[in-house]
Structures are given as C-alpha cells and as structure tokens.
Amino acid sequence: MSAPDWAALRSEFPTLARWTYLDCARKTIPPRCQEQAMQEYTRDVYENAGADAWSASNVAETRAAMAELLGAKPSEIAFTKNTTEGLNVAAHGFDLRPGDNVVLTDLEHVANVWVWKHWEAKGVELRYARNREGRLPLDAFLEQMDDRTRVVSTAYVTYGNGYRVNLPELGRACRSRGVRLVVDGVQGIGILAGRLDALGADVIACGGHKGLLGLTGSGIVYCREDLVNALRTDFVREPAAEPAASAHVVSQFDYMRTAHRFEGGNPNFLAIRVLQKGAEFLRGIGLDRIESRVRELTTTCLGMLKAAGLDSQTPDVWEERAHIVNVLVPDAARLMDRLREKHAVVTNVKDGALRLSMSFYNDEHDLERGVRAIRQELGR
C-alpha cells in the first residue's frame, strides 16, 4: 500500500494554517471531520428533531468503530467523560481489604493519584514505583510489589518526559501474581498502534480529546471482557441477570453484561458522533502508519534539539517514547508564553520543562520553526 499523503492530511487541520501547533498531548486541534460531525448533528436536530442525532444506534455504531480501530470487542468499550472518569471506574471497582496495597508511580498525572486516595482511609496502602532517571522499567514496579499487592496503575505514556511503559511486559508480571493492571492510556491511544487487548491491561482509560481527535468531555474506558462483571462500584448498575444481545441497540439505558454497564443516563450524543468520525478518519490512515510517522517526527525533533545544544529527558529509543519530547530550559513557563505570543508556536510546560508534542498532522517544517524559535528566545 502507498504511503499516506501527509501534506493532504495536514490540510484537514485548519489551525495549522496560522499556528505551529506542538501541543497535541494537551488537546488535539480539530480536523475538518470534527466540524462535519457537529454540523450533521445540529442539522438533524433542526430538521428532524434529533431522529438521528439522538439515536442509540449511532452510539452502538461508534462503540463498534472504536473497538475496530483500537483492537477490542465492542462489549469491552464504554463511553466516559474523560480519562479520570474511566480511572474512577477501576479505582472503585476492586474488592480491596485493609493491608492490601496499590502500586502507582511517581511520574503519574495527578488524576491517577486522586482516584485511588480514598482507599487509604480504608486501610489500603498506596505505594509508588520510583522512576530511574525518568524511566519506569519493570524492576521499578516489582520492587514495590508483594503478596498483598492487588492493583498496579500506571500511565501508558507519562505526561512529562513522554516515557512509554512496557505494558505487555508489566501485564505478564501482574498476571503471574494475580494483580490487576489499570492504565491511564490517554497519551498513547490513537498515537501508538498496539491493540488494547494485547497490552496486558485489565482496564484502560482514555479521554477523547487527544489522539482520538474528539471533543473535551468525551472518552472511553476499555475493560477486559472477563472482568466486566467482577467490577463493583457504588455508581454503576449491577449486570443484568441474563445478557440481552440487542440492549445497546434498543436503548442506552439497558444494562447488560458488557462494559456498557459503566455508562449511566444519557450519553454525550454529540461527542460520540465526533468520536465516530475521528475513528473513521484514523482508520483510513492506519494506526501503524500514524505511529511510524510520529516516530519519524520525534526522532527528527530530538536530533534538532541535540544539534542546538538543548537537552531532553525523553528517551532516544523509540520503544521507550511516543509523541512527547521535553526540553530542559530555564524559566520554561515564560519561554512557552513568548513562543506563542511572538512566534505562533504552541507548546506546553510540564514538570518544569518545555514540552513539545506532535502528531501525524505535523511536519518537519513545524519542528524547524519550533526549534528555531526556542533558540532565538534563548539567544543561541
């Protein structure tokens, strides 16, 4: 198959006509298909009183589209508001007892710490795998695990320096010990090509507003099929006594023996429609090609930074990174503001470092403009 026309795909993102956008790890910029989805939704409400816009069949179709794109069964996908809500499903879902422990990491986004804190008042210990110079190898997790470890929860890709955890390896270690693995997947899903059902995780939460090209306030949670009925929380329904195969088509309020039971009330019909268009767009490109393109761009970016005498904590080895490259600079917050105001270069700051993040819609010229602006502001 021929390589994608990256320049043509870039034209689907109008923001790039005016901005050098290197901040997709915070929010995606909208492709034209997102605008199309919103227009279709509004037009149907105006003209047909929401016959299609509020259709449960569309929700089911989007569930199937997301499952096909990401490598899972539709029954393993539930729609959420964001990554935090998906992590909350897991953080309230296991039957933990006093003396048990949950292993997190010291590179987590605060959301994947907050959701677990309630267990401390119930006698469950929270432990933290300690990073090794910005990396989280398997040993960092194993040294915190013992026979009372019940859950390990980690980011797929860390939000700061962009380190990618080896989830299949960690998943095998967890399974061999009877430990559940919960993953904050928002910085990897839609960027990396690995199938959800091959990552070794029990639960993976992902907001829709980054790699999935969706709106803020949307997301998914993947729950391994044979675990769906085992999760218990105060805010989801008990599974139905008998599965009803058509329930998710007939009504979004039917709870069944699928991940759909983690959804309560009306879904965000507009955001789900946008996710469906995004899934179709991404599937047309191919996640394997997207990953390959991001690999090229991040490799180029790291090379440019090195040539400019700028240091990064992001690993050189592709298998240990994804789309994030950080840059160690003085007064990173001030530099971020100046890049935006003076050069129309959008970046971010995390953990005191400037963070550049790129997707398939970026190109080498974006990287040249970004690094040139950084050098200019630093007087290099």
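How far does helix 10 reach from its first C-alpha to its last? In this predicted model, the span is 30 Å. The helix covers residues 287-307, 21 in number. Its reach is close to the 30 Å expected at 1.5 Å a residue. Gly309 follows helix 10 and has a positive phi, near 75°.

Burial along helix 10 involves Leu287, Arg289, Ile290, Glu291, Arg293, Val294, Leu297, Thr298, Cys301, Leu302 and Leu305. An α-helix has 3.6 residues a turn, so residues three or four places apart point the same way. The cover over the buried residues of helix 10 includes helix 1 (6-10), helix 3 (56-70), helix 9 (269-285) and helix 12 (364-378). Strand 9 (324-327) and strand 12 (353-357) are also included in that cover.

Internal space was examined next. Two cavities of 30 Å³ or more were counted. The largest holds about 90 Å³ of space. Its lining comprises 16 residues, with Cys24, Ile191, Lys210, Gly211 and Ser359 nearest the centre. Eight residues of this lining are nonpolar, seven are polar and one is charged.

The second largest cavity holds about 50 Å³. It is lined by Ala53, Ser55, Asn58, Val59, Thr62, Phe269, Ile272, Arg273 and Gln276. Helix 3 and helix 9 are the elements that each give two or more residues to this lining. Helix 9 provides the largest share, four residues. By class, the lining of the second largest cavity splits into four nonpolar, four polar and one charged residues. Helix 3 and helix 9 also figure in the cover of the buried residues of helix 10.

Definitions and conventions
Residues numbered from 1 in each chain as written. Predicted model: local features only at pLDDT ≥ 70, side-chain atom pairs only at ≥ 80, totals over all residues. Heavy atoms only, no water. Expected span 1.5 Å × (residues − 1). Buried < 20%, exposed > 50% of the residue type's maximum accessible area, 1.4 Å probe, protein only. Contact = heavy atoms within 4.5 Å. 1 Å grid on protein atoms, 1.4 Å probe; cavity = no way out; pocket = protein on both sides within 12 Å on 5 of 7 lines; lining within 4 Å. Points joined across faces, edges and corners; volume = space filled by probe spheres on them. Nonpolar A, V, L, I, M, F, W, Y, C, P; charged D, E, K, R; others polar.
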